[in-house]
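Welcome! Below are some short exercises, each with a worked solution to follow at your own pace.

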Amino acid sequence: MLTRAVIAMLMLATPALAQQSSVDAVARTAGADYLAAEKGVGLSIGIVRDGKFASWHFGAIAKGGPTPTDATAYEIGSISKTITSLLLARAVIAGKARLDDDVRKYLDGDWPKLEFGGEPVRLLHLADMTSALPDNLPDLSALKDDPGRFRMAKALAAYGKADFLADLRKVSPGKRPGQEVAHSNVAAQLLIYVIERIYGQPYEALLAREIERPLGFATGASATGYDAEGVEAAMLPREKFGWRYSMADMLRYAALQLNEKDPAVALSHKGSWFTLDRKTSVALNWISTDLPGGGRQLRTSGGTFGFSSVMQLYPERGLGIVLMANRSTPTAQGKLSEIADKIAAALAPTPQ
């Protein structure tokens, strides 16, 4: 005969067990459907919830190869920009820099073009995507007929800091910085060089000291990336947003980003550009949206020549979702975000 205490325990446990079963079914179905719809090769899905991790892996690390694991490395593309932003936020909290600093404070010589209508490009503009700087340097439009983008990757590998700064002198914001949000790899690359100047260390050394070693990153073999045509794609140089990390790495990073008691994390999540209804804002390389039921969703995504990835955080729920795929298509990031939405819905708090 069940006692009242046992019945009470079962009533408390049942919703949690139901959620676990529900999210497992959602992840498995969504993963299989994604590979079929996107003609994908491999996919990894992971969640961190209240410090506990779970993951699912589908397909192969390369055509004809084994299934991915938690240690399989994927290129994370623009997700890496949130790492740069976190390093910036830490510098601000430590008093090494200010978000409203004119970026020219951290560049040698005169840079008269890095302003528009008297408004300079500031560190905040580089991180909240409102710099109004061009999207890419160098101009690789002449290499469009480049299956797998191998010639582009080779050109990027040969394009160093001096080349970037020389080309940066020739460009200026297309409008007043701070007004509109627009994707700019130029802004993100410039912020990396500014971070090096602030800390007085190479960016790779900072990554190792501030992120990789403290979080215990230990990436295994890399997956092979494929472009939208299914052709094997070139790997990007690390310093050109080609950082490669595993699901285990990214779940640890997501857990770090969920800790808003950390002043730098909280600062990097603080909105600085808002939509008219103020329900969506741009923080430091995060898109933050107020959810109808309360709380927020923070989103970032990345796409390279052969990889697609998404990270979505729900700080008030202690929930982070990471998805990484080794094929890049125009619709991949949107489809990955849809999977994250489904998983978040499956893990929604059960009404009492």
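**Exercise 1.** Is Val171 buried or exposed?

*Solution.* Keep in mind that this model is predicted.
- Step 1: Find the residue. Val171 sits in the loop between H5 and H6.
- Step 2: Check its relative accessible area, which is 14% for Val171. Buried means under 20%, so Val171 is buried.
- Step 3: Look at its surroundings. Leaving aside neighbours within four places in sequence, Val171 is in contact with Lys113 and Pro134. Val171 and Lys113 are 58 residues apart in sequence, yet their C-alpha atoms are 6.7 Å apart in space.

**Exercise 2.** Work out how the rings of Tyr74 and Phe307 are arranged, and which parts of the chain they link.

*Solution.*
- Step 1: Take the distance. The ring centres of Tyr74 and Phe307 are 6.2 Å apart, and ring centres within 6.5 Å make a pair.
- Step 2: Take the angle. The planes of Tyr74 and Phe307 stand at 85 degrees. Angles over 60 degrees count as edge-to-face, so that is the name for this pair.
- Step 3: Place the two residues. Tyr74 belongs to strand E3 (residues 73-75), while Phe307 is in the loop between strand E10 (296-303) and strand E11 (308-314). The pair links distant parts of the chain, 233 residues apart.
- Step 4: Add the burial. Both Tyr74 and Phe307 are buried.

**Exercise 3.** Now treat Phe164 and Tyr193 in a similar way.

*Solution.*
- Step 1: The geometry comes to 5.5 Å centre to centre and 65 degrees between the planes, and the pair of Phe164 and Tyr193 is edge-to-face.
- Step 2: Phe164 lies in helix H5 (residues 161-168) and Tyr193 in helix H6 (residues 185-199), so the pair ties together parts 29 residues apart in sequence.
- Step 3: Phe164 has 2% relative accessibility and counts as buried. Tyr193, at 10%, counts as buried too.

**Exercise 4.** Describe how helices H2 and H8 cross, and name the residues that meet there.

*Solution.*
- Step 1: Two packed helices are described by the angle and the distance between their axes.
- Step 2: The axes of H2 (residues 80-93) and H8 (residues 247-258) come within 12 Å and cross at roughly 40 degrees. That angle makes H2 oblique to H8.
- Step 3: The handedness of the H2 and H8 crossing is left-handed.
- Step 4: From H2, Thr82, Ile83, Leu86 and Arg90 meet Tyr253, Leu256 and Gln257 from H8.

**Exercise 5.** How many of the ten residues of helix H7 are buried, and what do they pack against?

*Solution.*
- Step 1: Count. In H7 (residues 203-212), seven of the ten residues are buried, and the helix is mostly covered.
- Step 2: Name some of them. The buried residues of H7 include Tyr203, Leu206, Leu207 and Ile211.
- Step 3: Find the partners. The buried residues of H7 pack against H2, H6, strand E6 (244-246) and H8.

**Exercise 6.** Lys39 and Phe241 each have a positive phi. Which of these residues is buried and which is exposed?

*Solution.*
- Step 1: Lys39 has a phi of about 50 degrees although it is not a glycine, and Phe241, also not a glycine, has a phi of about 70 degrees.
- Step 2: Lys39 is in the loop between helix H1 (4-38) and strand E1 (42-49). Phe241 is in the loop between H7 and E6.
- Step 3: Lys39 is exposed, with a relative accessible area of 66%, whereas Phe241 counts as buried at 10% relative accessibility.

Methods: Residues numbered from 1 in each chain as written. Predicted model: local features only at pLDDT ≥ 70, side-chain atom pairs only at ≥ 80, totals over all residues. Heavy atoms only, no water. Phe/Tyr/Trp six-rings, centres within 6.5 Å; stacked < 30°, edge-to-face > 60°. Helix = DSSP H or I, 4+ residues; strand = E, 2+ residues; numbered from the N terminus. Buried < 20%, exposed > 50% of the residue type's maximum accessible area, 1.4 Å probe, protein only. Axes fitted to C-alpha atoms, helices over the stretch in contact; angles between N-to-C directions. Parallel < 35°, antiparallel > 145°, perpendicular 65-115°, else oblique. Left-handed = near helix turned anticlockwise from the far one by under 90°. Contact = heavy atoms within 4.5 Å.
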